[in-house]
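Welcome, and please open the structure in your viewer. We will go from one selection to the next, with a short note on what is there at each stop.

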Number of protein chains: 2
Amino acid sequence: MSENMFSCVRTKIDQRKIENYHRMVNENKTGFKEIAKQIQLAGNDVRLKILWLLKQDEFCVCDLSDILQMSIPAISQHLRKLKDNDMVDFRRDGQTLYYFIHPNLSNYVKLIINDLVFEHQKEII
Amino acid sequence: MSENMFSCVRTKIDQRKIENYHRMVNENKTGFKEIAKQIQLAGNDVRLKILWLLKQDEFCVCDLSDILQMSIPAISQHLRKLKDNDMVDFRRDGQTLYYFIHPNLSNYVKLIINDLVFEHQKEII
DNA sequence: TTATTATTTAAGCAAATACTTAAATATGAT
DNA sequence: ATCATATTTAAGTATTTGCTTAAATAATAA
């Protein structure tokens, strides 16, 4: 009967506050999960570079492969994850697929890549 | 001798552009890696919830354990990762460690958690 | 000192991740 | 049709992640 759902004996903290926050987090559970998923995908240095590059211009898989000096399948698999989560999209021109930032990319990720500005950016054509 | 560092035969794209972007990304390699690391840590729904909660108030491990309904060691290990990357810090009050957002939390992550506002937020005390 | 509470740390493990190489598609050119 | 190019997909694998349980610290109280 004296089962306690709480982990510690509190003297100072307001129990109601804990329950309120528990409820808030719970009510937005799927929200947190979806946002975390997109952020997690941006939280890989290869994909972050891809997203940053696609913010500058559209590129095909082999462009990205050359720029990042990684294998075609490795790049393709990263792009697939971004594509599956509506973070990038592509258009076909002959055999070549040009990838670009999906217009519906979440604001959370947009905020990140918009802020990624480096010193040398001005040197680019 | 005819080794090609490029993955595809381009007709339309400017080779110099590819080389410029390659150089830019390379010169900021560690920058991308560090930023991606912090974003990756925020890109987990448990840690995203923790960061959001700590943005609202400071909490001890067992508070977070109760709010998120997860084991103490699980929470503690998440906090350790955030601590190791200067994303959170804590103060001691007796046996209790109160965690809070590290003042130097990167802007990339600040942008995210500042934007995480939910409907029910107003109901909280 | 001994016990209690708060928290961390360590060890173990299942699942997810990020590559690799090889094979499969798809479009375009001959 | 056949071949070449651009890309994806599949299978295999080493590494990382996120939990679990149990043991170790650390501060406080009796």
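Start with chain B and select its three strands: they form an open antiparallel sheet in the order β1-β3-β2. Strands here, like helices, are DSSP runs numbered from the N terminus (helices are H or I with at least four residues, strands E with at least two), and two strands pair if DSSP finds at least two bridges between them. The edges are β1 (59-60) and β2 (88-93) of chain B, each with a single partner strand, so one side of each has no neighbour in the sheet. Now show β3 (residues 96-101) of chain B, which is joined to β1(B) by two bridges, the two running antiparallel. Pick C60(B) and you will find its bridge partner in β3(B), Y98(B). Add α3(B), which packs on the sheet and touches β1, β2 and β3 of chain B, its direction making about 95° with that of β3(B). Contact means heavy atoms within 4.5 Å; the angle is taken between N-to-C directions, from 0 to 180 degrees, of axes fitted to C-alpha atoms, for helices over the stretch in contact.

A word on what you are viewing: this is a predicted model, where local features need pLDDT of at least 70 and side-chain atom pairs count only at pLDDT 80 or more, while totals for chains, interfaces and linings use all residues. Residues are numbered from 1 along each chain as its sequence is written, chains are lettered from A and ligands numbered from 1 in the order in which they are written, and side-chain values use heavy atoms, leaving out hydrogens and water.

Next, select chain A. Its three strands also make an open antiparallel sheet in the order β1-β3-β2, with β1 (59-60) and β2 (88-93) of chain A as the edge strands. Click F59(A): its bridge partner in β3(A) is Y99(A). Then bring in α5(A), which lies across β2 and β3 of chain A at about 115° to β2(A).

Show both chains together. A rotation of 180° with 0.0 Å of shift along its axis superposes chain A on chain B, with RMSD 0.0 Å (least squares on the C-alpha atoms of residues with pLDDT of at least 70 in both). That is the relation of a two-fold axis. To locate the axis, select Q40(A), whose C-alpha is the nearest to it in chain A, at 2.6 Å.

Now turn on DNA strand C. It is surrounded by 28 residues (each with a heavy atom within 4 Å), the closest being N44(A), H78(A), S76(B), Q95(B) and Y99(B). Which side chains have an N or O atom placed by a phosphate oxygen of this strand? Among them are H78(A) at 2.7 Å, K81(A) at 3.1 Å and R80(B) at 2.8 Å.

Finish at DNA strand D. Of the 28 residues around it, S76(A), Q95(A), Y99(A), N44(B) and H78(B) come nearest. Of the strand D atoms within 4 Å of the protein, 69% belong to sugar or phosphate and the rest to bases. For a base, select Q77(A), which has a polar side-chain atom 3.1 Å from a base nitrogen of strand D. The side chain of Q95(B) also has an N or O atom 3.3 Å from a base nitrogen of this strand. For the backbone, select L97(A): one of its backbone N or O atoms lies 3.1 Å from a phosphate oxygen of strand D.

Note on methods: A polar contact is a pair of N or O atoms within 3.5 Å; within protein, one must be able to donate a hydrogen and the other to accept it, and residues adjacent in sequence count only if both atoms are side-chain atoms.
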